[in-house]
Amino acid sequence: MKVVYKPGNAYEEINCYDFREYEHGVVLHNEEGYNIGYVPHEILSHIEPHAEEEVGFESDDQEEPEDEE
């Protein structure tokens, strides 16, 4: 995952494997589960998956069965 945050005037990024959200911020973990960073909620912009981590969703093109009453 890529964590994007803005500590000052410019955006910065940290790549991580996983994260855990707490009351005041997000703790970032590597593949071994070690803490590799902390980002407070006040400066957190967003978290986005890498291309290989994206999850596909089913299309909304499927028709819903109608209830017959």
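How much accessible surface does the protein have, and what share of it belongs to carbon and sulfur atoms? The accessible surface comes to about 6,100 Å², and 43% of that belongs to carbon and sulfur atoms. Keep in mind that what you're looking at is a predicted model.

## The overall plan

Let's start with the building blocks. The protein has 0 helices and 6 strands, so to speak a β-β-β-β-β-β run when you read from the N terminus on. It has 69 residues, and buried ones make up 19% of them. What about contacts between parts of the chain that are far apart in sequence? Take the contacts between residues at least 6 apart: 29% of these join residues at least 24 apart.

## Two sheets

Now for how the strands are arranged. One open sheet has 3 strands in the order 2-1-6, with antiparallel pairing. Strand 2 (12–15) and strand 6 (44–48) sit at the edges with a single partner strand each, so one side of each has no neighbour in the sheet. From one strand to the next, the twist averages 20 degrees.

Another open sheet, also described by 3 strands and antiparallel pairing, has the order 3-4-5. Here the edge places go to strand 3 and strand 5, each with a single partner strand, so each is left with one side lacking a neighbour in the sheet. Ignoring direction, neighbouring strands of this sheet are turned by 20 degrees against each other on average.

The table below lists some of the strand pairs.

| Strand pair | Sense | Bridges |
|---|---|---|
| Strand 1 and strand 2 | antiparallel | 4 bridges |
| Strand 3 and strand 4 | antiparallel | 4 bridges |
| Strand 4 and strand 5 | antiparallel | 5 bridges |

You can follow these pairs residue by residue. Between strand 1 and strand 2, look for Lys-2, which stands opposite Asn-15 in strand 2. In the other sheet, Phe-19 stands opposite Leu-28 in strand 4. Glu-21 has Val-26 of strand 4 as its bridge partner, and Asp-18 has His-29 of strand 4.

Two hairpins turn up along the way. Strand 3 and strand 4 form one with 3 residues between them. The hairpin of strand 4 and strand 5 has 5 residues between the strands, and Gly-33 takes a positive phi near 95 degrees there.

## Strand 4, wrapped up

Is strand 4 largely enclosed or left open by the rest of the structure? It is largely enclosed, because 5 of its 5 residues are buried. Here's a handy bit of background: in a regular strand, the side chains alternate between the two faces of the sheet. In strand 4, Gly-25, Val-27 and His-29 point one way, while Val-26 and Leu-28 point the other way.

Val-26 is a good residue to click on. Besides its partner Glu-21, Val-26 stands opposite Val-39 in strand 5. Leaving out residues up to four places away in sequence, Val-26 touches Phe-19, Arg-20, Glu-21, Gly-37, Tyr-38, Val-39, His-41 and Leu-44.

Val-26 also belongs to the largest nonpolar core, a group of 7 residues: Met-1, Val-3, Tyr-5, Cys-16, Val-26, Leu-28 and Val-39. The elements that give two or more residues to this core are strand 1 (2–5) and strand 4 (25–29).

## Two residues to compare

Next up is His-29, also in strand 4. Is His-29 buried or exposed? Its relative accessible area is 12%, which is under the 20% cut-off for buried, so His-29 counts as buried. The side chain of His-29 makes a polar contact with the side chain of Asn-35, at 3.1 Å. Setting aside neighbours within four places in sequence, His-29 is in contact with Cys-16, Tyr-17, Asp-18, Phe-19, Arg-20, Tyr-34, Asn-35 and Ile-36.

Then there's Glu-42, in the loop between strand 5 and strand 6. Glu-42 has a relative accessibility of 68%, which is over the 50% cut-off, so this residue counts as exposed. Where does Glu-42 sit with respect to Lys-6? Along the chain the two are 36 residues apart, and their C-alpha atoms are separated by 8.9 Å.

Conventions: Residues are numbered from 1 along each chain as its sequence is written. This is a predicted model: local features need pLDDT of at least 70, side-chain atom pairs count only at pLDDT 80 or more; totals for chains, interfaces and linings use all residues. Side-chain values use heavy atoms; hydrogens and water are left out. A nonpolar core is a set of buried Ala, Val, Leu, Ile, Met, Phe, Trp, Tyr and Cys residues joined through side-chain atoms within 4.5 Å. Buried means under 20% relative accessible area, exposed over 50%, partly exposed in between (1.4 Å probe, protein chains only). Contact means heavy atoms within 4.5 Å. Two strands pair if DSSP finds at least two bridges between them. Accessible areas come from the Shrake-Rupley method with a 1.4 Å probe; for residues, only the protein chains shown count as cover. Axes are lines fitted to C-alpha atoms, for helices over the stretch in contact, and angles run from 0 to 180 degrees between N-to-C directions. A polar contact is a pair of N or O atoms within 3.5 Å; within protein, one must be able to donate a hydrogen and the other to accept it, and residues adjacent in sequence count only if both atoms are side-chain atoms.
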